[in-house]
Amino acid sequence: MADKKERIRAKALDLGFSAVGFATAASDPTLAERLGVYLAEGRHGDMAWMEETAARRASPQALWPEARSVIALGTNYAPSGDALALTRHPERGNVSVYARNRDYHDTVKKRLKALGRWLATEYGCELKVFVDTAPVMEKPLAAAAGLGWQGKHTNLVSRRFGSWLFLSEIFTTLDLEPDPPERDHCGSCRACADACPTGALDGAGRIEPRRCISYLTIETKGGIDAELRPLMGNRVYGCDDCMAACPWNKFAPPTREPDFLPRVELTAPLLADLAALDDDGFREVFTASPVKRAGRDRFIAAVLIAMGNSGRHGFLEQINRFRDDASPLVRDMADWAASAIGGQGTGHL
Ligand code: B12
Ligand code: SF4
Ligand code: SF4
């Protein structure tokens, strides 16, 4: 069995995965309980899919009863410089590190399929592969498989890669001995919670996603509370502040995966250029990027908030052009942005 695990580990590393671990597919009732509390408190907000799939999400065997083991895989996407450098340039838009080039779902899925094909040929097992697209709780599974621990920002922290690991899994009918879980190394640190611009982290391991800039710029279907807009700064897609604050990142080797190195257009984009994108321009620039998930309206709304937060009067003319946009969300954010920088906003938002 050890030999089987070592062969799988070696093959996964060879295919480009950075970390590999093994866990049982049997259910852990704590996860179902914690997910239940999270949903009962309404923390999922507009992410209705979390509630709709809660029963399957709670354990691998609830999703696929034949599953015996989980192979948990991490893919390093650590940036080479200061992940937050751009947040100090208010005339530019900060796109989160994970979205500065190709969509990781596509890159990781290809590798998962290659590993899956190899496993099926070598061991004649059945399997299913997942990367953030199915009802699977990826962080606790990766933690159970020894890839790291769930830090106080709720994400998986690895002693080797810090917070910068994409997670994915293979569920299989093979019996593989679980690896020992990693212990929690947060100690008394609470740097992530202190770094959060909107106070979305409670410092004890829980998040209020409805205050999280990542949720506000990617997931929410409605508007963004006026109280939260000034706290978003120039973060136009996702947010990395809690991840970047983690002291364990100092050991992370920068990724060498070309798909995750920042594209030149997204390294330091000017807000004025982002706001100038029409529907076709948005599709062209973001076609292979996770940013397409936000859609043009939500993205432009976030760009307008960033313009409002910049305090630059020079943006007023461009903002005003959005005040009769077809999207009510964009119109409202244009009004707010104009009033935030002291222009002719209606001030009613
Ligand atoms: C929904 C979701 C979000 C939501 C909600 C986040 C959340 N924590 O729930 C939003 C949109 C906000 C989000 C944002 C981000 N996400 Co996200 N997200 C997910 C998703 C799809 C599900 C997460 C989930 O199951 N949440 C449900 C709750 C119950 O889980 P939880 O937060 O882990 O809750 C645990 C703790 O709160 C704790 N807990 C619960 N109750 C209690 C009580 C006490 C007392 C204590 C101590 C603890 C505790 O136990 C819970 C269960 O283990 C996963 C992919 C997947 N399928 O798993 C990606 C995922 C977690 N996201 C990821 C990333 C990268 C991000 C962002 C960094 C993206 C960005 N740059 O903008 C941010 C980070 C924000 C943050 N601090 O979490 C990665 C994280 C990789 C990693 N190393 O862990 C994942 C795994 C995707 C992937 N395949 O790589 N995300
Ligand atoms: S991603 Fe940003 S807003 Fe969300 S919890 Fe982390 S620091 Fe806070
Ligand atoms: S910043 Fe500190 S508290 Fe937060 S995850 Fe990292 S070690 Fe844990």
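**Exercise 1.** How do the residues of the shell around ligand 2 divide into nonpolar, polar and charged?

*Solution.* This is a predicted model, in which local features need pLDDT of at least 70 and side-chain atom pairs count only at pLDDT 80 or more, while totals for chains, interfaces and linings use all residues. Residues are numbered from 1 along each chain as its sequence is written, chains are lettered from A and ligands numbered from 1 in the order in which they are written, and side-chain values use heavy atoms, without hydrogens and water.

Step 1. List the shell: C196, P197, T198, A200, L201, I207, C212, I213, C239, D241 and C242 surround ligand 2.

Step 2. Apply the classes: Ala, Val, Leu, Ile, Met, Phe, Trp, Tyr, Cys and Pro are nonpolar, Asp, Glu, Lys and Arg charged, and the others, Gly among them, polar.

Step 3. The shell holds nine nonpolar residues, one polar and one charged.

**Exercise 2.** Describe the interface of domain 1 and domain 2.

*Solution.*

Step 1. Set the bounds, which come from an automatic or database domain assignment: domain 1 is 2-82 + 96-172 and domain 2 is 270-349.

Step 2. Their contact (heavy atoms within 4.5 Å) takes six residues from each of the two domains.

Step 3. Between them the domains bury about 440 Å², 56% of it on carbon and sulfur atoms; this is accessible area (1.4 Å probe) lost on being put together, summed over both parts.

Step 4. A99, R102 and D103 supply 64% of the area that domain 1 buries against domain 2.

Step 5. The interface has one salt bridge (a side-chain nitrogen of Lys or Arg within 4 Å of a carboxyl oxygen of Asp or Glu). D103 forms a salt bridge with K292, with the closest N and O atoms 3.6 Å apart.

Conventions:
A residue is near a molecule or strand if one of its heavy atoms lies within 4 Å of it. Buried area is the accessible area (1.4 Å probe) that two parts lose on being put together, summed over both.
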